[in-house]
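Please keep the sequence and the structure side by side while reading the numbered points of this note. Each point takes up one part of the fold and can be checked against the model.

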Amino acid sequence: MTGGTAGAAAAGAGAAFASALPAGRWSQDGAVVDAHRLDRSGWRPPGRPLGVAFAGGVDDVRAVLRTALASGTPVTVRGAGTGLAGGAAAPDGAVILDVSSMNRIRELSVPDAVAVVEPGVITDDLDRAAREVGLSYSPDPASSAISTIGGNIATNAGGLRCAKYGVTRESVLGLDVVLADGELVSTGRRTVKGVAGYDLTGLFVGSEGTLGVVVGATLRLRPAPRRTVTLAAFFDSFGAAVDAVTAIMATGIVVAMAELLDGPTVRAVDAATGGDLADAGQALLLVQTDGAGADDEADAVEAVLRGPARAVRRAADPAAAAELLAARRAALPSLERIGRVLIEDIAVPRSQLARAAARITEISAATGVRIFTIAHAADGNLHPIIVVNGSDRLNGTDGTDGPDRAADEIPADVWKAADLIFQTALDLGGTVTGEHGIGALKRRWLGAELGTANHSLQQRLRHLFDPTGILSPGRGL
């Protein structure tokens with residue numbers, strides 16, 4: 001297709017989307033596209049998206065997908081843009097389908113302990129609303145203050161409370177989904193139990209927008225914890241902290257949270273916040289217990305920690321606990337101040353956590369790549385975070401992108417470090433992604449984990465739902 005022909009086709013497609021949507025819901029303005037084309041992964045696809053469709057309801061989503069199918073236009077679904085694997089970074093010629101305005105909590109049922117929500121609802125907003133009626137929404141990504149339910153469902157997000165409450169899938173009972181041809185389907189139920197037919201709800205959770213667009217969700221709520229106790233323990237090494245987590249798990253206590261930051265990450269948080277956490281130790285472990293037995297469980301955990309830890313701090317009131325947890329939630333923003341971040345996301349059996357962490361340290365030394373490690377230690381999920389161009393700032397002094405660093409090719413030594421990290425996960429019986437998804441950044445490693453037959457089966461399944469391949473091309477499988 002010549003440049004003139006391609007330009008005419010793009011103009012025609014843009015006009016089609018403008019016609020299909022209500023006034024004000026379609027934009028090809030350069031600044032608008034730039035504000036919506038990327039996610040938090042640091043990945044910048046080549047080329048330029050066609051435009052942004054702002055969905056105000058299900059009918060808008062259906063109209064966008066029907067128009068996309070008719071014109072052969074790829075679609076990238078976007079919520080808050082907090083994804084860390086490049087899944088919401090829109091490729092050349094794609095329509096960005098923004099569902100963040102679909103942000104209503106349609107129902108909160110105390111008797112059934114369920115919520116019915118739209119995909120743009122912010123995770124923390126749902127949890128706050130649930131707590132007002134004595135319930136809670138358990139999944140807690142570290143980005144819960146800004147991430148959306150739809151994005152959490154798309155990636156099967158995990159987070160801080162996974163050890164006790166599981167990942168997002170454990171809280172999703174049913175979904176409303178618009179398929180690639182614009183058809184609206186509903187899956188699942190609002191009952192706690194139900195095994196009629198195939199588990200299509202579970203299939204859509206974690207599918208990263210490749211099978212359909214989630215426009216509604218029926219979510220399981222739980223009783224709000226009566227009490228929460230948070231402990232912060234400081235250690236001389238990351239390995240010593242991992243050993244302490246192993247000792248805690250051996251007691252039989254199921255903690256709500258066990259978050260672990262290595263020394264470089266703690267120092268980065270101190271630099272960003274003006275804190276002095278690094279003075280207390282080279283690794284920070286945050287443990288939380290909740291429920292009626294929170295105090296007794298915290299006593300037992302503290303007894304385990306007092307031996308190997310250099311210092312232990314305890315908080316029982318919400319304000320003090322939030323202060324302790326602030327370091328964990330500040331970790332990624334602190335690293336983003338240093339340079340462009342690529343957040344890896346591996347999980348290994350808990351018994352292999354220490355070996356994985358030690359191997360990551362070796363990989364950093366061998367490749368010369370700066371790697372900062374955070375872990376959901378109670379479930380074996382590690383986030384080795386690679387900082388690229390760490391001597392530079394991510395943004396210029398005027399608040400705009402500096403030397404367009406995100407457009408640069410990822411250096412070969414970074415790919416080498418990533419290769420070794422993911423191979424480590426597989427060698428230890430783990431996975432290349434525990435909660436962030438495959439997106440665009442991890443596709444090269446997916447086949448090694450799935451194997452040929454499994455990978456082929458999943459690709460055929462994707463084709464069944466989206467025969468023309470308009471949904472999130474180049475993402476996921």
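Which residue in strand 19 is the bridge partner of threonine 373?

1. The partner is proline 384 of strand 19, and this pair is a good place to begin, with the reminder that the model is predicted. Strand 18, which covers residues 370–376, runs antiparallel to strand 19, and 7 bridges join the two. In the hairpin that they form there are 4 residues between the strands, and glycine 380 takes a positive phi near 75° there.

2. Strand 19, made of residues 381–388, also pairs with other strands, and these can be followed one at a time. Strand 16 (residues 340–343) runs antiparallel to strand 19 and is joined to it by 4 bridges, with valine 341 standing opposite valine 387. Strand 17 (residues 346–347) pairs with strand 19 in the antiparallel sense over 2 bridges, and here isoleucine 346 stands opposite leucine 382. As a general reminder, the strands of a sheet pair through backbone hydrogen bonds, in either a parallel or an antiparallel way.

3. Is strand 19 mostly covered or mostly open? The strand is mostly covered, since 8 of its 8 residues are buried. Both of its faces are covered, with Asn381, His383, Ile385 and Val387 buried on one side and Leu382, Pro384, Ile386 and Val388 buried on the other.

4. A further sheet is worth tracing strand by strand. It is an open sheet of 5 strands in the order 5-6-10-8-9, with antiparallel pairing. Its edge strands, each of which pairs on one side only, are strand 5 (105–109) and strand 9 (184–188), and the twist from one strand to the next averages 10°.

5. Within this sheet, strand 8 (residues 172–178) and strand 10 (residues 213–220) pair in the antiparallel sense over 6 bridges, and valine 172 stands opposite leucine 219 of strand 10. Helix 4, which is made of residues 123–131, lies across strand 5, strand 6 (114–117) and strand 10, and it runs at about 35° to strand 5.

6. The next point concerns helix 15, residues 443–450, in which the buried residues are Trp445, Leu446 and Leu450. Seen down the axis of helix 15, these buried residues fall within an arc of 130°, so they line one face of the helix. Arg444 and Ala448, on the other side of helix 15, are exposed. The general background is that an α-helix has 3.6 residues a turn, so residues three or four places apart point the same way.

7. What covers the buried residues of helix 15? The cover includes helix 14 (412–427) and helix 16 (452–465). Just after helix 15 comes glycine 451, which takes a positive phi of about 85°.

8. The last point is the packing of helix 15 against helix 16, whose axes are 6 Å apart and meet at an angle of about 120°. The two helices are therefore oblique to each other. Leu446, Gly447 and Leu450 of helix 15 make the contact with Thr452, Asn454, His455 and Gln458 of helix 16. By type, the residues of this contact divide into 2 nonpolar, 5 polar and no charged, a division in which Gly counts as polar.

Notes: Residues are numbered from 1 along each chain as its sequence is written. This is a predicted model: local features need pLDDT of at least 70, side-chain atom pairs count only at pLDDT 80 or more; totals for chains, interfaces and linings use all residues. Side-chain values use heavy atoms; hydrogens and water are left out. Buried means under 20% relative accessible area, exposed over 50%, partly exposed in between (1.4 Å probe, protein chains only). The arc is that of the directions from the helix axis to the C-beta atoms. Contact means heavy atoms within 4.5 Å. Axes are lines fitted to C-alpha atoms, for helices over the stretch in contact, and angles run from 0 to 180 degrees between N-to-C directions. Angles under 35 degrees count as roughly parallel, over 145 as roughly antiparallel, 65 to 115 as roughly perpendicular and the rest as oblique. Two strands pair if DSSP finds at least two bridges between them.
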